[in-house]
Amino acid sequence: MTCRFVYSAAAAAPSDMAVDITLLFKASVKTVKTRNKAIGVNVDSAKDEIFKKSRPKSGFSLRAKEVITNITKLKDFLLQHRKDYVSAGSLISTDLSRMTDSERDQIDQDAQTFMRTCSEAIKQLRSEVEKQATSAQIKEHRVAVLDLIDMYLKGVCKLYSEQRAIRVKRMVDKKRLSRLAPEHPGKVEKTVVEEPAEEKVVKEESPEKNTSEVQDSSSNLWEEGRVEDELSPEEIQMFEQENLKLVSEMSNLVDEVRQIEGKVVEISRLQEIFAEKVLQQESDIDNIHQLVVGATENVKEGNEDIREAIKNNAGFRVWILFFLVMCSFSLLFLDWYDG
Amino acid sequence: MATSVREKQTVALKRMLNFNTPPLKNAAAEPVWKVLIYDRFGQDIISPLLSVKELRDMGITLHLLLHSDRDPIPDVPAIYFLMPTEENIDRICQDLRSQLYESYFLNFISAISRSKLEDIASAALAANAVCQVTKVFDQYLNFITLEDDMFILCHQNKELISYHAINRADIQDTDMEAIMDTIVDSLFCFFVTLGAVPIIRCPRGNAAEMVAVKLDKKLRENLRDARNSLFTGDSMTAGQFSFQRPLLVLADRNMDMATPLHHTWTYQALIHDVLDFHLNRVMMEEGAGTDPSQAGARPKKKTKKTYDLTAADTFWQKHKGSPFPEVAESVQEELDAYRAQEDEVKRLKSIMGLDGEDEGAISMLSDNTAKLTSAVSSLPELLEKKRLIDLHTNVATAVLDHIKSRKLDVYFEYEEKLMSKSTIDKSLLDVIGDPDAGTPEDKMRLFLIYYITAQQVPSETDLEQYRKALLNADCDLSPLNYIKQWKAFTKMASGPANYGNSGVKPMGLFSRVMNTGSQFVMEGVKNLVLKQHNLPVTRIVDNLMEMKSHPETDDYRYFDPKMLRGSESSIPRNKNPFQEAIVFVVGGGNYIEYQNLVDYAKSKPGRKVVYGCSELFNAAQFMKQLSQLGQK
């Protein structure tokens, strides 16, 4: 009998506390089939053994799965190039796998457009789900599925922004280290997209200051040492000192500008968070507003009703009084009539 | 037991929800969505362990009851988690026939029999859905874990295995067999999940003994069946297996009837006694108007609120077992700490406002942005803290209202004195006759405890006096009949239980002065200090774990399922003291005993004690069962 063989095969998997009895189930299926054949019940066994009936997948799940595969592709792409992207650290840069900045920018742009298209797709699916008139359970299920995809996308975006933050930080550190290379003091690396306006102003100021100071010093010297064509050693020293001073001033300015940049990036992040919270609160406030409006309406109606009631009460009283007076008059009249 | 039972059960559930493969640790893994279908048993098991948010995180989009109307959702795998009863199997077959989902993962809470499996198989064949039934599992999770070290058997049909059902006068043998089978099945699942084979000790001559015999047999059979054993060595670490076998102490409710009726003073036990508390969820009515003088006005609508007291709530975990006044003070402290943090955050706002004009203070700006970032990231924590403080404030206020209106502190003090046989200053009649203090139920409880703990039965005249006083106070006297029977029976069997020495010191005036500062004005409520004392169950566990010889526990039976020959001797082979114990009370238990065991385990370092019972009742429910028994 097949039973005994199957029974031993249904032994507990050592790592689970739960017992997998799927094989036992399949054995029971076979038993039932043979039993049915013996009894003579009509059995179409051929159908599901030979080819698995693939039920038509609805459009929604196909598209949802598509979005997921896209996001996974993005994630793999980011992870693949992560090491190269981030390896800006060493100044002794002989790594062959090192990327140039333009490649990094390319990756940034591609990732951003990709993320945008994915979130668009999710929004589209969401609006479709709203419009479609399906049962409540299916709708709830689809909304939850879209939430899951959204969370997944957020996770991948976080990967990307972490990478980017590391890159920016590395750039800033590198700049700080290489302060004494003043050939391009005003050159800005195209790392940060949000360039503060102050930096541009400072940049414009610094070359001006540079030129004006150089001009002043050169004019001073020119006035002083007009006679000599060649520069004496003291003058050379003075020039050198002035150069050093200028260099340190420039690098200070660049440092401050870098710092401001970093702070502004942080502030923008915080602002995003605040904006999110405020938007969340907006819907709550709308609800409260509606409730308050409804409450004032109700109170107004209540006031009206109370006024009516008072009037009715007053009117009622008048009628009672009139009736009593009429009764007493009629009594008097009858009495007079009788007597 | 390096990980507690609750963690083991949670891990098992999570694995099941992940199609029975171990869940990946990768945070950014692709989401796979599924639908969870459970019956009421499954719901009770899952709800204390996993919140709805955690289910969502694991990809469960919908969770539905088995016997509700469900719409077909194609292309979605469905995970079923239910007991293998007839109606559940019928419903599964119906689902298969109507082809509601794409693939089916069937998980049965306890083992399913072969015939029922064949029913499902035939339904699947008839619906041509055999390939859709992807996996079938026996999960062996037929128990509900409420705390790290506390479990109960079931919540749904607990009348079937309640104290009343076991101790009925008109019980049949078949009924008893059925009850015992249910209990043994759950205990067996518990030990499978724990992954250890215990040594069993039980007293003689009552329901606990029957359970022990059956459990021993079942464990033995399973161990003998070498191919199919659920306790193979791969699943457990070596240390856990050989030297550290846990001790299972089976106790019976009849040993100690006073503890379930006792009025209590610790936070968790009070909530269970006074409010509606099931499966770690408190249900309260909010907004109850306290002045009944507005005769003409419509009564204020009471809204029902439910609160979940979970493991993530640190305040709850710390103060579950503390006496109530301590809890009140701690809530006040937490509130103050929270307000301080809130002020800190608000202060930053003003600083940021000033800084906009000061251009040169870049360093100050950086400091404040760092502070602001940390404040913003700590905001969700702060909000969570506020929510918890609100929750505990509401719950504690409700409990305090009950205490004040029923004068529960007076009862508690009196009962402690009764149970420790120290001198009592007020006579029992005074307390019963006092119209202010407590509901008729409270008075009945007090009297029953007096009756149970009295050394000799009070004389007939005394009894008549008490009866009259109780009837005056509108008490129901039927539990008394049953307790009389019980007392007579246990007197024959052994001496009355000794409740150990305890002392209760009221703190009186001094406490009142101290408490005026706190929000909870506990005027008139005595601040009672609990001294450590051991309930009978705790003492038994202590004796057995340390292998002390004591007249109470000496003639307990001894079972070891791993021994080849089932010996009937009561001489334990193992002479070492046990480090882990599992206490199971047949017939019902409550939080007072649990708290006592937790305190005992804390006092002895390195000891772990897990408490379980067949059902969890508070004093009111127990009284109802007693009155039903007394009316027969």
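Let's start in chain A, where residues 316-337 carry the annotation "transmembrane region" in an unreviewed UniProt entry; such annotations may be inferred rather than shown by experiment. That span is 100% helix and 0% strand, with its end C-alpha atoms 31 Å apart; helices here are DSSP runs (H or I) of at least four residues, strands (E) of at least two.

A word on ground rules: this is a predicted model, with local features needing pLDDT of at least 70 and side-chain atom pairs counting only at pLDDT 80 or more, while totals for chains, interfaces and linings use all residues. Residues are numbered from 1 along each chain, chains are lettered from A, and side-chain values use heavy atoms, leaving out hydrogens and water.

Now hop over to chain B. An automatic or database assignment splits chain B into domain 1 (5-141), domain 2 (145-255 + 535-630) and domain 3 (263-285 + 304-351 + 371-406). Between domains 1 and 2 of chain B, 13 residues of the former touch 17 of the latter, contact meaning heavy atoms within 4.5 Å. About 1400 Å² is buried there, 60% of it from carbon and sulfur atoms; that is accessible area (1.4 Å probe) lost on being put together, summed over both parts. On the domain 1 side, B:Val5, B:Arg6 and B:Tyr140 lose the most area, together 45% of what that side buries.

Finally, look at helices α20 (residues 536-545) and α21 (residues 591-603) of chain B, which pack at about 40° with axes 9 Å apart. Here B:Val537, B:Thr538, B:Val541 and B:Asp542 of α20(B) meet B:Glu593, B:Asn596, B:Leu597 and B:Tyr600 of α21(B).

Key. Axes are lines fitted to C-alpha atoms, for helices over the stretch in contact, and angles run from 0 to 180 degrees between N-to-C directions. Buried area is the accessible area (1.4 Å probe) that two parts lose on being put together, summed over both.
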